[in-house]
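Here is a short briefing on a structure with more than one chain. Keep the 3D view open while reading.

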Amino acid sequence: MAKELTPQEMLRIDLSPPTKDWMDIPTVIKPGIYCYPAKPEKVEIVGMPNGHVWSPLDDDWGLPEDWKETFLEGMRERLDKHRSFKIFMDICVRCGACADKCHFFLGSGDPKNMPVARAELLRSVYRGEFTKAGKILGRLAGGRKLTEDVLKEIWYYLFQCTECRRCSLFCPYGIDTAEVTIIGRELINLFGLNINWIQEPVANCYETGNHLGLLPHTFKQNVEFMCMDIEEFVGVTIEPPFNRKGAEILFVTPSGDVFAEPGIYTLSGYLLLFEHIGLDYTWSTYASEGGNFGFFTALDMAQRLNAKIYAEAKRLGVKWILGGECGHMWRVVHQYMNTFNGPPDFLEEPVSPITGTKFENAKSAKMVHITEFTADLIKHGKLKLNPKRNEHLKVTFHDSCNPSRGMGMFEEPRYVIKNVCPNFYDMPESTIREQTFCCGSGAGLNAGENMELRLRGGLPRANAVKYVHERFGVNTLACVCAIDRAVLPASMEYWVPEVDVAGVSELVGNALVMEGEHERTVDLRGRELPQFAEASQDSGESGEEVK
Amino acid sequence: MIAQRIIFPLGVVLGIVVLGLVAGSVPALHGLFSVGLIYVAFAVFFFGFIAKVVNWAKSPVPFRIPTTAGQEFSLPWIKWSKIDNPSTTGGVILRMFFEVCLFRSLFRNMRTDLRSGWLIHSPTKWLWLLALGFHYSFLIIAIRHLRLFVQPVPGFVELLDKVDGMFQIGIPPIYLTDILILLCVTGLLLRRLFLPKVRFISLAADYFPLFLILGIVISGLLMRFVFRVDITAVKALANGIASFHPVVPEGIGAIFFVHVALVCTLIAYFPFSKLMHMGGVFMSPTRNLANTTRMAYHENPWRKPPKFHSYEEYEDMYRDYMKEAGLPLERE
């Protein structure tokens, strides 16, 4: 952030746009809002064009001579490849229903962040360069020519959209800004204008198999490190299998779960769950990434990164694939993977080895969400749970954008949480389920340099958390997304201190009664359980009395 | 420039009005400005509309990307939202029915305000009401006009006419839809003019159809109540057009040509404008697809096999590390 703003200062937001024509409002690229450009070598590793050193604050962005032709040709090609894009360029009536649905608009008041306005940035170029009326009448027909300034403006706002699809829900024609952003980002990637926070994970994922660039042995060590924690906190020994041929199930989760707090505690939850039910499964160090930052560069890049999952499932000879908690991973798995790289006929239709439940909704793509899997286990009474261990937690659930509006997984996580946590409070209706607000940092915008943007975008979500925090004393924000776990702590710290962020599987892991465990006095983070603290205090006091 | 966005389309509409008045007062132009204009406008509409839809249809739908607005079909004991998140063709048809006929998504609309540090989300139905009122009154008025073109008048048109005019206010009775469309179009225009967010995004292309339709409604009302036109002559003209034996009767008032000029502009403008949302709403991939991508294979016609970093390349790259970590290897 250029200047540290207090929440009160940040909240001085004017949601009334100026009367000036938006085409006359120049775009000023501000520190704290934009992300750093992609490093050339990270562009080159995956064979994407024109990796170069540049800065969004410079006048010269190092564009190739023919950038304009490339952009327009790319646009024409995509109009022919995607009916969605073509229709969304043509039929918006600018009714304004989407205007106040975007978390970035609500948090910043920047009128070009109204979804309709953001899409108009590109739509105006479509009209000005592709339609007769726009070519002849220009601005009167809402058209403008593609210039360097226009490109810079489009670039700036393409990275102020997290592809959360909330606007699409309210649009009477289903116009989806995520589609416009996805294709817009493909276009600027044609001449190397990506941001590094996306490009580097893509390059890492391509070679090492995961966004964080964890080498095979490091990946294994990190998982084993959590097993040591589990040994200490729970008292059971777990030896997770890696790259094991002939396992029944391949488990893939975002690498964030293997790397940083609090995601690693979600990982502990997975490990405990699999141990608890004696699952015949394996991790893979090669397909060690469920997330897909390729999805934030270009669809073919997403396809290339995603291809490893089926390839590895085939090599290892598993029956089906289980996927961990992640947001955009599930947009890709649910709506793209089968089309990208399927159908995986070498796999079997997923059946839970514990309950015998057939996962009908995944019978072609053969990949099941861990929360669907866990909900089924609980429903069949296959888990021994002690929810009292989570009694000190007052939990609310953040529906991640992608599993919500690109899949529709609402009941499963709530069912799981309610079975492992005695105190659950939903946030207001207009901020959850299909109407959920983004964490503010999705679609590759979870960098550090754009913290002001992230905090602004995180406001609507945080505001609803604050409501249940003040009303019910909620102190835990549960989620099924690795990006959420990475970014919501910062947002909570800023907007609603005293609220922790936890993966649903972590809460499950806390409640699981493991065979051979010792008395559980701490949770999976090693924090003392208050119930136990009271008990020890009681015994301490009684000890004193005896004295 | 904002003023230009409003004044330019208003000027164009007023220009068309003047043109209609001029044509109406020169009998030699009556044929051209009634029969000629109507044939041309309908032809442009018909072929333009088809061309646009065909053009959209030419682009494939490579991915199955419905916006899921309810619980997915998943475990048998979880109640799923069959319409808002359909997994069957029947569900998709119902979803589309509610979308097209009742504007389901607009009905969902909320407004969000920031008040003393709290974002307040409250339901708002104004846009939905105005949109629904406008579209349905427009539809009914259009159907009512069949009375002029078709002889004998079909029963449902008669019935619609009776119901619409049931209140018998004034002579001739004013139709409910006439009042409704006037209110709704005015409401939609006022939104654009006075709500800052909507004003910010509104283009000339948004004001133009509103002014046109307002002009059409006003000229229609004037024809009925103020400058009465010879309805028998209008019927003869309309019948002639519909039966492709056009006649141009004498003595139709000038205001009629204003009405026709505005209507024809709207119809001919339709295929080249945002008004094509009428066709597009049926083809929007976020609405008209079932949420079955994991359940059934969806083919992308332009799919290319991906070039990716294979396991063999990966093992070659990291074999030593893997060996040391005790990870199984394909080749030692």
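The notes below cover confidence, the chain contact, the domains of chain A and one of its sheets.

This is a predicted model. It scores ipTM 0.95 and pTM 0.95. Chains A and B meet in a contact that takes 99 residues from chain A and 82 residues from chain B. Chain A is divided into two parts, domain 1 and domain 2.

**Confidence**
- Chain B has a mean pLDDT of 95.
- In chain B, 99% of residues reach 70 or more.

**Contact between the chains**
- Chain B gives 82 residues to the contact, and chain A gives 99 residues.
- On the side of chain B that touches chain A, the elements giving two or more residues include the helices α1 (2-25), α10 (204-225) and α14 (311-324) of chain B.
- Strands β1 (110-115) and β2 (118-123) of chain B are also among those elements.
- By class, this side of chain B has 47 nonpolar, 22 polar and 13 charged residues.

**Domains of chain A**
- Domain 1 of chain A covers 7-30 + 49-193, and domain 2 covers 201-511.
- Taken over C-alpha atoms, the centres of the two domains are separated by 31 Å.
- Contact between them involves 21 residues of domain 1 and 24 residues of domain 2 of chain A.
- On the domain 1 side, α1 (7-10), α5 (103-108), α9 (166-170) and α10 (177-189) of chain A each supply at least two residues.
- Helix α5(A) gives the largest share of that side, five residues.
- The domain 1 side has nine nonpolar, seven polar and five charged residues.

**The three-stranded sheet of chain A**
- Three strands of chain A form an open sheet in the order β5-β6-β7, with parallel pairing.
- Strands β5 (395-398) and β7 of chain A stand at the edges with a single partner strand each, so one side of each has no neighbour in the sheet.
- Direction ignored, neighbouring strands of this sheet are turned by 35 degrees against each other on average.
- β5(A) and β6(A) run parallel and are joined by four bridges.
- A:H398 stands opposite A:C479 in β6(A).
- Four bridges also join β6 (residues 476-479) to β7 (residues 500-503) of chain A, again parallel.
- A:T476 has A:D500 in β7(A) as its bridge partner.

**Helices around the sheet**
- Helix α20 (residues 482-495) of chain A makes a right-handed β-α-β unit with β6(A) and β7(A).
- Helix α21 (residues 504-511) of chain A lies across β6 and β7 of chain A.
- α21(A) runs at about 80 degrees to β7(A).

Terms used. Residues are numbered from 1 along each chain as its sequence is written. Chains are lettered from A and ligands numbered from 1 in the order in which they are written. This is a predicted model: local features need pLDDT of at least 70, side-chain atom pairs count only at pLDDT 80 or more; totals for chains, interfaces and linings use all residues. Two residues are in contact if their C-beta atoms, placed from the backbone, lie within 7 Å. Ala, Val, Leu, Ile, Met, Phe, Trp, Tyr, Cys and Pro count as nonpolar, Asp, Glu, Lys and Arg as charged, and the others, Gly among them, as polar. Two strands pair if DSSP finds at least two bridges between them. A crossover is right-handed if, with the strands pointing away from the viewer, the path from the first strand over the helix to the second runs clockwise. Axes are lines fitted to C-alpha atoms, for helices over the stretch in contact, and angles run from 0 to 180 degrees between N-to-C directions. pLDDT is the predictor's confidence in each residue, from 0 to 100. Domain bounds come from an automatic or database domain assignment.
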